[in-house]
Amino acid sequence: MTNSNVAGLEPKSLWTAFAALNSVPRPSKKEARVTEFARKFGESLGLETLTDEVGNVLIRKPAARGLESRPTVVLQAHLDMVHQKNSGTDFDFDKEGIRMLVEGDWVRADGTTLGADNGIGVAAIMALLQSGDLPHPPLEALFTIDEETGMTGAKKLRGDWLRGRTLLNLDTEEDTELTIGCAGGVDVSTTASVTFESTPDGYSGMRFSVSGLTGGHSGMDIHLGRGNANKLMNRLLETASRQSGARLSSVDGGGLRNAIPRESVAIVALPDSSMKTLATEMQPLVDQIRQEYAVTDPDLKVELVAADTPAHVMTPSVQKGFLAVIDGVVSGIWRMSPSIAGLVQTSNNLARVMAGDFRIQIQCLTRSSVDSERDELARILLSVFSVLEGTSETAGEYPGWQPEPESDVVALMTKKYRELFAGDPHVAACHAGLECGIIGSHYPGMEMISFGPNIRGAHSPDEKVQISSVQKFWRFLTETLATF
């Protein structure tokens with residue numbers, strides 16, 4: 001079953017909207033086409049449609065008959081999506097729409113991210129906007145841009161745009177959860193110009209690769225202990241350097257700041273005397289790594305193969321400092337919450353490591369629900385980066401969203417969940433970065449809550465969304481709106 005059939009799933013209005021949305025390329029930082037798509041959609045319905053200077057779109061829909069006196073509710077989702085693909089997948093995110101497949105109760109993409117994060121939320125709002133028979137209060141549909149790589153849409157949101165005082169964010173990935181708080185974050189990076197030298201005589205090239213890791217969302221999945229390709233590659237390089245005199249020429253690992261790195265490739269030069277023995281000497285370490293990650297990353301693959309001899313390699317002192325820095329960078333959980341059981345409080349994702357052509361670049365995304373702790377970890381990372389004597393900085397800082405468990409919207413939606421599904425929802429904060437904290441800074445006092453269907457593997461090519469859960473989510477959303 002492919003894209004055309006996805007539109008036939010129930011609820012048809014939502015899945016049709018999702019298929020239409022996924023036909024539009026919508027990478028973060030390049031949302032012009034999807035902003036235009038959303039604008040034309042609102043105007044085609046004859047609804048008041050506004051676009052701001054950065055590309056956010058606001059569509060207003062009057063209340064259904066009989067509910068005109070109800071307070072306005074804001075429905076919010078982001079238009080952009082994370083772009084990740086498997087190394088063997090031929091796909092151009094800038095030009096192609098997502099190729100979708102149905103497998104049992106799940107919809108996934110063919111070798112790429114699906115865009116259910118946050119496309120299902122966008123599609124649900126679109127379905128509500130075009131509905132003619134669903135009861136609802138006055139609605140404001142807020143579609144933001146660039147959530148995944150900087151939250152600039154939320155950050156630059158005008159403070160006079162929204163009339164509603166209750167906001168439903170449709171960007172959560174567990175259908176049993178009502179999210180009422182989230183972590184803030186900051187990007188921490190360094191760039192250094194470093195010394196390389198000509199590869200010594202008597203050395204040959206070898207290619208190291210780490211692939212097949214599970215990856216995932218660097219906030220929601222960080223507690224699962226999945227392998228980070230940049231960290232694993234560094235273990236291999238450090239061992240090869242120490243045991244066999246390997247000289248590093250280049251490394252290219254990871255990708256997006258909010259995705260746990262799945263792949264890394266490095267080119268090294270080895271003494272000719274070590275070329276035939278290195279693979280055997282490294283095998284115990286490779287086996288050890290595979291054993292360590294057998295549960296979380298069963299498809300982990302490590303390869304060491306001959307390659308063209310590189311022209312240049314790092315000087316010994318630069319290589320030693322570089323490998324030490326990657327060793328010293330925190331990757332994963334830094335501290336669990338002492339007050340909320342099971343909640344990651346502070347973490348870091350070693351997202352991107354690049355070296356070659358006389359430059360080194362390292363990029364991290366640091367998250368915390370405690371701003372002071374986020375800033376302290378960022379300071380520690382900058383201290384570690386100082387070994388490279390490059391230019392280090394923090395950027396893209398955004399606040400966390402402080403929980404308000406006693407708010408009216410939490411009480412209303414908890415009650416409605418119990419009525420519909422004969423059980424209690426899990427009301428909690430999460431370690432992901434949602435836009436609610438930023439939007440709340442523009443609209444103090446606004447009550448907010450986040451929820452959504454089951455999505456697995458977000459920010460990776462394994463991303464999929466559960467069909468039956470989308471149906472549950474749709475029922476919860478529509479019946480909740482009828483009671484506001």
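This report describes cysteines, two buried residues, one helix and the enclosed and open spaces of a predicted model.

## Cysteines

The structure holds zero disulfides. Cys 182 takes part in none, and the nearest cysteine sulfur to its own, that of Cys 430, lies 5.6 Å away; seen from the other side, Cys 430 is likewise in no disulfide, with the sulfur of Cys 182 as its nearest at 5.6 Å. Because a disulfide requires two cysteine sulfur atoms within 2.5 Å, the 5.6 Å separation of Cys 182 from Cys 430 does not qualify.

Both side chains belong to residues that are shielded from solvent by the accessibility criterion: Cys 182 is buried, with a relative accessible area of 2%, and Cys 430 counts as buried at 8%.

## The loop residue Thr 199

Thr 199 sits in the loop that joins strand E10 (196–198) to strand E11 (203–211), and with a relative accessibility of 15% this loop residue counts as buried. The threshold for that class is under 20% relative accessible area, so the 15% of Thr 199 falls within it.

The side chain of Thr 199 reaches the backbone oxygen of Pro 310 at 2.6 Å. Once neighbours within four places in sequence are set aside, the contacts of Thr 199 are Ala 269, Thr 309, Pro 310, Ala 311, His 312 and Val 313, so that Pro 310 appears both as a contact of Thr 199 and as the residue whose backbone oxygen its side chain reaches.

## Helix H9

Helix H9, which covers residues 316–328, has 13 residues and extends 18 Å from its first C-alpha to its last, close to the 18 Å expected at 1.5 Å a residue. Its buried residues are Val 318, Gln 319, Gly 321, Phe 322, Leu 323, Val 325 and Ile 326. An α-helix has 3.6 residues a turn, so residues three or four places apart point the same way.

Those buried residues of H9 pack against both helices and strands, namely helix H6 (229–244) and helix H10 (371–385) together with strand E12 (247–254), strand E15 (312–314), strand E17 (344–356) and strand E18 (359–368).

## The largest pocket

The largest pocket contains about 620 Å³ of space. Its lining is made up of 34 residues, and those that lie nearest its centre are Glu 174, Glu 177, Met 220, Asp 221 and His 223. Strand E8 (177–182), strand E20 (426–430) and strand E22 (455–456) are the elements that give two or more residues to this lining, with E20 giving the most, at five residues.

## Cavities and His 217

The model has four cavities of 30 Å³ or more, and the largest cavity has a volume of about 200 Å³. It is lined by 21 residues, of which Glu 147, Glu 148, His 217, Ala 432 and Gly 433 are the closest to its centre. E8 and E18 each supply at least two residues of the lining of this cavity.

His 217, one of the residues closest to the centre of the largest cavity, lies in the loop between E11 and H6 and counts as buried at 7% relative accessibility. A polar atom of its side chain is 3.0 Å from the backbone nitrogen of Met 220, a residue that is also listed among those nearest the centre of the largest pocket. Not counting residues up to four places away in sequence, His 217 touches Asp 117, Glu 173, Ile 222, Asn 258, Ile 260, Arg 367, Ala 432, Ala 458 and His 459; one of these, Ala 432, is likewise among the residues closest to the centre of the largest cavity.

Technical notes: Residues are numbered from 1 along each chain as its sequence is written. This is a predicted model: local features need pLDDT of at least 70, side-chain atom pairs count only at pLDDT 80 or more; totals for chains, interfaces and linings use all residues. Side-chain values use heavy atoms; hydrogens and water are left out. Buried means under 20% relative accessible area, exposed over 50%, partly exposed in between (1.4 Å probe, protein chains only). Helices (H or I, at least four residues) and strands (E, at least two) are DSSP runs, numbered from the N terminus. A polar contact is a pair of N or O atoms within 3.5 Å; within protein, one must be able to donate a hydrogen and the other to accept it, and residues adjacent in sequence count only if both atoms are side-chain atoms. Contact means heavy atoms within 4.5 Å. The expected span of a helix is 1.5 Å times one less than its number of residues. On a 1 Å grid over the protein atoms alone, a cavity is a set of points where a 1.4 Å probe fits but cannot get out, and a pocket is an open set with protein on both sides within 12 Å along at least five of seven lines; lining residues have an atom within 4 Å of a point. Grid points are joined across faces, edges and corners, and a volume is the space filled by probe spheres set on the points.
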